[in-house]
Amino acid sequence: MTLFEKIVARQIPADIVYEDDRTLAFRDIAPQAPVHLLVIPKRPIRSLAAAQDEDTELMGHLLGVCRKVAAEEGLGAGYRVVTNIGEDGGQSVDHLHFHVLGKRRMTWPPG
Ligand code: AMP
């Protein structure tokens, strides 16, 4: 079971800001910006690279949740949505997640 599946199952605590039948959003435990949320599917998909064509609608739903939680957090000045994939992508938890970062000016390119 991935760490994030344990959060979905309420086996470990998280500061949950949004939930629906397919999705959970919670605050990152080590925030990299004043607002740093993680939006995940409840179903354990390893990463974006492991998603299937049948998951396309779910991917769109997850991005819609990113938009909604960003609006609820007052990120009208802008924000960043990131998903890290695999070792070179800097992924540390093997359960697909979108980072939603805001309330500070982002730099580009990312490290
Ligand atoms: P990534 O490095 O893209 O795989 O992102 C994983 C993220 O999960 C990191 O930003 C971590 O800070 C975050 N994280 C790890 N454990 C927890 C936890 N128990 N609750 C909330 N966020 C976590």
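**The ligand site and its surroundings in a predicted model**

The ligand is surrounded by 16 residues, of which the closest are Asp28, Asn84, Ser92, His97 and His99. The structure is a predicted model, and the values discussed here are computed from it. The ligand occupies the largest pocket. By class, its shell is made up of 8 nonpolar, 6 polar and 2 charged residues.

Two elements of secondary structure may be named as contributors to this shell. Helix α1, residues 3-8, and strand β2, residues 23-27, each provide at least two of the shell residues. The largest share belongs to α1, with 3 residues.

The polar pairs between protein and ligand may be taken next. The side chain of His99 places an N or O atom 2.8 Å from an oxygen atom of the ligand. His97 brings a polar side-chain atom to 2.9 Å from a ligand oxygen. Gly90 takes part through its backbone, a polar atom of which is 3.2 Å from an oxygen atom of the ligand. Of the 500 Å² of accessible area that the ligand has on its own, the protein covers 84%.

His97 deserves a closer look. This residue is located in the loop between α3 and β5. Its relative accessibility is 5%, and a residue under 20% is classed as buried, so His97 counts as buried. Besides the ligand oxygen at 2.9 Å from one of its polar side-chain atoms, the side chain of His97 reaches the backbone oxygen of His95 at a distance of 2.5 Å. The side chain of His97 is thus described by two polar pairs, one with the ligand and one with the backbone of His95.

Gln91 belongs to the loop that runs between α3, residues 86-89, and β5, residues 98-102. Gln91 is buried, because its relative accessible area is 13%, which falls under the 20% cut-off. Between Gln91 and Leu58 there are 20 Å in space, C-alpha to C-alpha, and the two are 33 residues apart in sequence.

At the start of that loop's preceding element, Gly86 is placed in helix α3. Gly86 has a relative accessible area of 28%, and is therefore partly exposed, since this class lies between 20% and 50%. Gly86 and Ser47 are separated by 39 residues in sequence, while their C-alpha atoms are 7.5 Å apart.

Strand β2, which supplies at least two residues of the ligand shell, also holds Thr23 and Phe26. Thr23 has 0% relative accessibility and so counts as buried. Its side chain makes a polar contact of 3.1 Å with the side chain of His61. Phe26 is likewise buried, with a relative accessible area of 3%. In sequence, Phe26 and Val65 are 39 residues apart; in space, their C-alpha atoms are 12 Å apart.

The backbone has some features that merit inspection. Arg10, in the loop between α1 and β1, residues 16-19, has a positive phi of about 60° although it is not a glycine. Arg10 counts as partly exposed because its relative accessibility is 46%, a value between the limits of 20% and 50%. Lys103 also is not a glycine, yet has a positive phi, here of about 70°. Lys103 lies in the segment after β5.

Pro109 is found in the segment after β5 as well. The peptide bond that leads from Trp108 to Pro109 is cis, with an omega near 5°.

In summary, the ligand sits in the largest pocket, and the protein covers 84% of its accessible area. Polar atoms of the His97 side chain, the His99 side chain and the Gly90 backbone are paired with ligand oxygen atoms.

Note on methods. Residues numbered from 1 in each chain as written. Predicted model: local features only at pLDDT ≥ 70, side-chain atom pairs only at ≥ 80, totals over all residues. Heavy atoms only, no water. Near = heavy atom within 4 Å. Polar contact = N/O pair within 3.5 Å; in protein donor to acceptor, adjacent residues only side chain to side chain. Areas by Shrake-Rupley, 256 points an atom, 1.4 Å probe, with all protein chains shown as cover. 1 Å grid on protein atoms, 1.4 Å probe; cavity = no way out; pocket = protein on both sides within 12 Å on 5 of 7 lines; lining within 4 Å. Sits in = over half its atoms within 2 Å of the grid points. Helix = DSSP H or I, 4+ residues; strand = E, 2+ residues; numbered from the N terminus. Nonpolar A, V, L, I, M, F, W, Y, C, P; charged D, E, K, R; others polar. Buried < 20%, exposed > 50% of the residue type's maximum accessible area, 1.4 Å probe, protein only.
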